[in-house]
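Please look over the model shown below, together with its sequence, before reading the report.

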There are 2 protein chains.
Amino acid sequence: MNLDVAEGQLPSRRIADAVRALITSGELAPGDKLPSERELARRFGTARNTAREAIRLLTEEGLVTAQHGRGVFVREKERMFRWGSERYSRRTHRETGLTPFRLEMARQGKEARVEVTSIEQITPPFDVAERLKASPEEPSALRRCNTYYADDEPLQVVTTYLRWSDAEGTALLQPKTGPGGIYGRLEERGHIMTTGQDEITARMASHDEARALDLPPGVPVLDVLHTSFDQDGEPFEVSRFVHRADRAGLVYHFPVES
Amino acid sequence: MNLDVAEGQLPSRRIADAVRALITSGELAPGDKLPSERELARRFGTARNTAREAIRLLTEEGLVTAQHGRGVFVREKERMFRWGSERYSRRTHRETGLTPFRLEMARQGKEARVEVTSIEQITPPFDVAERLKASPEEPSALRRCNTYYADDEPLQVVTTYLRWSDAEGTALLQPKTGPGGIYGRLEERGHIMTTGQDEITARMASHDEARALDLPPGVPVLDVLHTSFDQDGEPFEVSRFVHRADRAGLVYHFPVES
DNA sequence: TCAAGCAACTGGCTTAAACCAGTTGTAGGC
DNA sequence: GCCTACAACTGGTTTAAGCCAGTTGCTTGA
């Protein structure tokens, strides 16, 4: 491993640049172990903290991840799960008998598990209230929080909001919502999902999300705010999907207006 | 400002938790200045480096940004630009006479500027070749790189790939592609955009992207790989949009298959 | 009045040393 | 043969000190 040539001013950047070059050139492949902090410091004639700072820079770029007691490794490209508007297709569900999440997991050969972490009547946050056409000043909504796991690794956190008037006295207040899931119960209340809207942003995980998703540093989240509209064009369900971005991608197909 | 109560084990986490609490409670509002590193260290009875580490944690969460010589500030919520499938609508373009980018900038009261950074015949990368149905082993594609600015701040980097056979000998090799832009020239070659596909991921910016977009630490990018299909369902254009995620969001509307 | 320059702040980076906490392989004892 | 215990690694955190480099406002002199 040649770490010699490396210009640039700051020692920590020189080390980072040298290691980054090894990674992008393929000399260090995904899964490979980097020299230890102490070893890098020795080779570059710096203090250990300086080598450590260099590794921190690479971690922040998402190039490497550290494992306490084991070493620092070039990050593997993870298999991606792809979600798109088809996840709401009732036809797919009818044909396979699987929910979209279980279907995608089966496709990737992973075990699916869903954990319902809370079901509560709440006053909806402003952005949700606006989209759901519910009052942001009263407990006008039901909130259901779920965590989705693939092979026991948390993959996404989903918070679903429904109007309290639709949920009151139904199985929507229970963890198990029955055949057809949430959308099945909502159809019984007269809401057939006809169109949807997804609003997508990316950001660093909040402190709580990082804990819930067991996120290593240098991994952002994809934040999808979904709104379902019924046959009358009225919104009846809003969900926020928070995916870890190194494991999830989204796909949308659309016609182009001439 | 009350920074007293704060449990937790590590000093750096205690400081970070205390400051985070001030931010989420609103006691420190966006734009406000944090106590200096030296001041935080003094108040918590730690070394300056420990206070610095706490601020680093908050920076990584995207909560604060540091400015050399001035201080550390609670990050402002930036105004967001929203992009969706309508950006490809020819009707909108016809009615306003503006490209989608200029239209969105005008909507937000910002000055739009586009810089063409390179136009080259290249061998397309594998993922692009696959989608464009071009050979990944010969210089079978034209690559156009653009940087889009809002009020002189770089907002997105776009790389467009076209089949060389479509581009050869046309205005597509020039910075100015003429009326209707790229899609205008491609229509003349017999490709009318009929459907599109967007594949969306989020990740930390590469070293080069962070420089090109002038990204502060703690800001990820939204990576959109777009494919355009013509009236025969054949792909004829692939573009990669890299947006800074604190300034850009995406919106998709879709029908739901019954 | 104005501007140059300086003092006192801010964060940015490095050093050097110490100790804690996981991991891994091996030497010993049973 | 197996398991325990330990030694020798790994990264994680903190201290304390020094110097560099932007920013800001005030003092001072022309």
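The report covers chain A, the pairing of the two chains and the surface near one DNA strand.

This is a predicted model, in which local features need pLDDT of at least 70 and side-chain atom pairs count only at pLDDT 80 or more, while totals for chains, interfaces and linings use all residues. Residues are numbered from 1 along each chain as its sequence is written, and chains are lettered from A and ligands numbered from 1 in the order in which they are written.

Chain A has nine helices and 10 strands, these being DSSP runs numbered from the N terminus (H or I of at least four residues for helices, E of at least two for strands). The radius of gyration of chain A, at 23 Å, is well over the 18 Å that the globule rule gives for 258 residues, so the chain is more spread out than a compact globule; the radius is taken over C-alpha atoms, and the rule is 2.2 Å times the number of residues to the power 0.38.

Chain B is superposed on chain A by a rotation of 180° with 0.0 Å of shift along the axis, at an RMSD of 0.1 Å, which is the relation of a two-fold axis. The fit is by least squares on the C-alpha atoms of residues with pLDDT of at least 70 in both copies.

Around DNA strand D there are 22 residues, of which A:S36, B:S12, B:N49, B:T50 and B:G69 come nearest; a residue is near if its C-beta atom, placed from the backbone, lies within 6 Å. The elements below each supply at least two residues of this surface.

| Chain | Element | Residues |
|---|---|---|
| A | Helix 2 | 37-44 |
| A | Helix 3 | 48-60 |
| A | Strand 2 | 71-74 |
| B | Helix 1 | 11-24 |
| B | Helix 3 | 48-60 |
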